[in-house]
Amino acid sequence: MNPIKTSLLLAVFTIGLLSCSDEDFADGKTLNDLQFEYWSEPDKEARPIQQIYQCTTPMKFRIGTNHSFKYRIFKPSTYDSSTKQFPLIIYLHGLDARGTDNNAQMNYAAYYFIKYNKRNPAFVVYPQCPVDAYWKLEKRPDDFNPNNMDILPNKSYMDIGILKLIADLQNTYRIDGKRIYIVGHSMGGIGTLDMIASHPDIFAAAISFCGTINPNRFTTNHEVPLMLYHNVDDNII
């Protein structure tokens, strides 16, 4: 099996076992600190998707009056016949999947979270980062060396957007607030690390593939279990 696919598969099993002046983007903001309208609505413009992902629902998330992004959501097959709460997995894609087609983000690990969902049932959400954002960061880092990255980076509206999406899902579905996980690769790996550094109270665990962050962003108060994967031959990050 391809080494990357093997690592992604391991990550899926690990998660299963672990059963825009819209506000200041500073670290430490909680959901209750961010006060403005946000809502989900069906995405009627989503590009047709391949059959294996037709079990996901295309949605659009609006952040206040000026921003929005697309996402797909997978609902576990046992949800409607159960009264229990379910985990939530947020999957952040890499740079090449940015856009508005609500399709390109369904790559790499996307399939595994669906394939093994019967064994480890969970909601899976696949947001698509717009082309004017870099997940939580305002722009692509100029230097991927961890020690040279900003300790207090400027944030994009997607910082608030992901938090508000999580809140919206918790209001809509029976989501277990103690089992919210975040996974990402490349740009998404960077976004994952930034998310748990900024909002450690939200996430139960995280997995980052080929991501980077200034290690000084983490303090002794940040106790989010984390799995890191990175190829020693990576010549970009």
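## Phe 203 and its neighbours

Phe 203 touches seven residues beyond four places away in sequence: Ile 166, Ile 180, Tyr 181, Ile 182, Met 195, Ile 196 and Val 224. This is a predicted model.

A second core of 19 residues is separate; Met 106, Phe 113, Ile 207 and Tyr 229 are among its members.

## The largest nonpolar core

The largest nonpolar core has 42 residues. Six of them touch the most other members: Tyr 71, Leu 88, Val 125, Ile 166, Ile 182 and Phe 203. Several elements each supply at least two residues of this core: strands S2 (56-63), S3 (67-74), S4, S5 (123-128) and S6, plus helices H3 and H4. H3 gives the most, with eight residues.

## Overall fold

The chain has four helices and eight strands. Along the sequence, their order is α-β-β-β-β-α-β-α-β-α-β-β.

Of the 237 residues in the chain, 52% are buried. The exposed surface comes to about 11600 Å². Carbon and sulfur atoms supply 49% of that area.

## Helix H4

Helix H4 covers residues 187-198. How far apart are its end C-alpha atoms? They are 16 Å apart. That agrees with the expected span, because twelve residues at 1.5 Å a residue should also give 16 Å.

H4 is mostly covered, with twelve of its twelve residues buried. The buried set includes the glycines Gly 188, Gly 189 and Gly 191. Polar residues are in it as well, including Thr 192, Asp 194 and Ser 198. Met 187, Ile 190, Leu 193, Met 195, Ile 196 and Ala 197 are also buried.

What do the buried residues of H4 pack against? The partners are strand S4 (86-92), helix H3 (157-172), strand S6 (175-185), strand S7 (205-209) and strand S8 (226-229). Two H4 residues, Met 195 and Ile 196, are touched by Phe 203.

## Asp 43: a buried acid in a loop

Asp 43 is found in the loop between strand S1 (38-42) and S2. Is Asp 43 buried or exposed? Asp 43 counts as buried because its relative accessible area is 8%, and the cut-off is under 20%.

The side chain of Asp 43 makes a polar contact with the side chain of Asn 102, at 2.9 Å. Leaving out residues up to four places away in sequence, Asp 43 touches Pro 58, Met 59, Lys 60, Lys 70 and Asn 102. Asn 102 thus appears both as a polar partner and in the contact list.

Terms used
Residues are numbered from 1 along each chain as its sequence is written. This is a predicted model: local features need pLDDT of at least 70, side-chain atom pairs count only at pLDDT 80 or more; totals for chains, interfaces and linings use all residues. Side-chain values use heavy atoms; hydrogens and water are left out. Buried means under 20% relative accessible area, exposed over 50%, partly exposed in between (1.4 Å probe, protein chains only). Accessible areas come from the Shrake-Rupley method with a 1.4 Å probe; for residues, only the protein chains shown count as cover. The expected span of a helix is 1.5 Å times one less than its number of residues. Contact means heavy atoms within 4.5 Å. A nonpolar core is a set of buried Ala, Val, Leu, Ile, Met, Phe, Trp, Tyr and Cys residues joined through side-chain atoms within 4.5 Å. A polar contact is a pair of N or O atoms within 3.5 Å; within protein, one must be able to donate a hydrogen and the other to accept it, and residues adjacent in sequence count only if both atoms are side-chain atoms.
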